[in-house]
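Please find below a reviewer's note on the structure, set out as numbered points. The remarks pass from the chain as a whole to its metal sites and then to single residues.

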Amino acid sequence: MTLSSILQEQSAALQEQLVSMRRELHRHPELSGEEHETTARIRTWLTESGIPLRELNLATGVLAEIKGSQPGPTILLRADIDALPVREETGLPFASQIPGRMHACGHDFHTASMIGAATLLQQQADTLHGNVRILFQPAEETASGAKTVIAAGALEGVTAVFGMHNKPELPVGTVGLKTGPLMASVDRFIIRIKGIGGHAGIPEATVDPVVVSSAIVSALQTLVSRNTSPHHAAVVSVCRLQVGSSWNVIPDSGEMEGTVRTFQREARANLPEQMRRVVENVAAGFGAEAELEWIDMLPAVNNDPAAIELAGQVARAQQLQVVEAVPTMGGEDFALYQEMVPGAFLWMGTGGTEQWHHPKFTLNEDALAISAALFAEIAVEALKAYGDR
Ligand SMILES: [Zn+2]
Ligand SMILES: [Zn+2]
């Protein structure tokens, strides 16, 4: 059976089934690394559809594998499954039943639509040359899940990877595609300042970390404006600054923390040293000491041209509207898979009014079967394309 004939026959039934799964997930959101019930539900649904599971010994998360009848490459489709510590305010009849927890990033949509893709692929397994793995990844929001599943061996033998994020700004039936960087690298920094505390009225006997901290915050702004090429994009945000605890005592230390985002490897590689130089020397200028702790987190989501081309051809053949994806400085641990194999991460139009992580975040469920059919066909075409190489 071909995909288009399966779809013609089953489209309405599949859509109804995916809506019910998505709502079940939406009512029971679980935080990153705690997706135990979600994992159990996914396993049950896949097993009911006759889709084989590949055991990874993960605490949470699921890997399914559809084995084609003929040898060939292995293509990975990826969904994420975790929710957020957000109190839902949508008023939907299927709103979260767990106080302070919400699927506010739409990972319930990602999970249900990839189960749909798996179901469609399983029905044509006898025509496939190669295998399709479908990964339901835990802990995307904490940027730790991809690392865990890679360490567990989920990518062993994989030739290419495809994934998506729902996109409220794009209407249903629209797909956003872009070659190269789509989401930024994410790194974290902590700066510790050591001065000399004392009496607020006798500043000459102190080295004031309040003044040093504010000078460092100001100087950090020049990392983007003076150290990064105008052809590259970067963001340096100081998000926490703690110094002092009273009105008449100059404190002896301070601490700040923030994040750096870039699209280009070169910019990301240079920024830690540039930041260290600014931090240490600005502090020295005041007679203080400062140290930088840099924590590498995620590279940029970087789309492979051939994988994007393939996704675009499939989307157009399915009469979907293809638009140029607008990049975001948000991060995604899908980037770690793209460090290992070529892949494409795309925006799936879900036509909502609120942005990701908003307590009133909603999406249009009509995109569920559309997304399922798109990713099933992307996998079929990818088996052909990567098999020929
Ligand atoms: Zn999110
Ligand atoms: Zn998300």
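1. Within the protein chain, 82% of the contacts with a separation of 6 or more join residues 24 or more positions apart; contact means heavy atoms within 4.5 Å. The model is a predicted one, in which local features need pLDDT of at least 70 and side-chain atom pairs count only at pLDDT 80 or more, while totals for chains, interfaces and linings use all residues. Residues are numbered from 1 along each chain as its sequence is written, chains are lettered from A and ligands numbered from 1 in the order in which they are written, and side-chain values use heavy atoms, with hydrogens and water left out.

2. The protein chain contains 9 helices and 15 strands. These elements are DSSP runs numbered from the N terminus, helices being H or I of at least four residues and strands E of at least two. The C-alpha trace spans about 85 × 45 × 40 Å along its principal axes.

3. Of the 389 residues in the protein chain, 54% are buried. Buried stands for under 20% relative accessible area, exposed for over 50%, and partly exposed for values in between (1.4 Å probe, protein chains only). The accessible surface of the protein chain is about 16300 Å², and carbon and sulfur atoms hold 51% of that surface; the areas come from the Shrake-Rupley method with a 1.4 Å probe, and for residues only the protein chains shown count as cover.

4. The protein chain carries 28 positive and 45 negative charges, and the mean positions of the two sets are 1 Å apart. Lys and Arg are taken as positive and Asp and Glu as negative, with His and the chain ends not counted. Each charge is placed at NZ of Lys, CZ of Arg, CG of Asp or CD of Glu.

5. Which protein atoms serve as donors of the zinc ion (ligand 1)? They are Cys105 (SG), Glu141 (OE), Glu141 (OE) and His357 (NE2), at 2.0 to 2.7 Å from the ion. Donors are N, O and S atoms within 2.8 Å of the metal (3.2 Å for Na, K and Ca), and sites may look incomplete because water is not among the atoms. The 4 donor atoms subtend angles of 53 to 151° around the zinc ion (ligand 1), so the arrangement is irregular. For reference, four donors count as tetrahedral if all angles lie between 85 and 135 degrees; four count as square planar and six as octahedral if opposite donors are over 155 degrees apart and all others between 65 and 115; anything else is irregular.

6. The donor residues of the zinc ion (ligand 1) follow the spacing C-x35-E-x215-H. Glu141 belongs to the loop between strand E3 (129–137) and helix H4 (145–151), and His357 to the loop between strand E15 (343–349) and helix H9 (367–387), so this pair ties together parts 216 residues apart in sequence. Glu141 is partly exposed at a relative accessible area of 23%, and His357 is partly exposed at 36%.

7. For the zinc ion (ligand 2), the protein donors are Cys105 (SG), His107 (NE2) and His165 (NE2), at 2.1 to 2.3 Å. The two zinc ions, ligand 2 and ligand 1, are 3.1 Å apart, with Cys105 coordinating both. Cys105 sits in the loop between strand E2 (70–80) and helix H3 (107–122), whereas His165 sits in strand E4 (residues 160–167), so the pair ties together parts 60 residues apart in sequence. Cys105 is buried at 5% relative accessibility, and His165 is buried at 3%.

8. His110 is located in helix H3 and is buried, its relative accessible area being 1%. Not counting residues up to four places away in sequence, His110 touches Ala79, Asp80, Cys105, Met164, His165 and Asn166; among these, Cys105 and His165 are donors of the zinc ion (ligand 2).

9. Backbone geometry deserves a remark. Most residues other than glycine have a negative phi. Ala139, in the loop between E3 and H4, has a positive phi of about 50° and is buried at 6% relative accessible area. Gln319, in the loop between helix H7 (305–317) and strand E14 (321–324), has a positive phi near 65° and is exposed at 69% relative accessibility.
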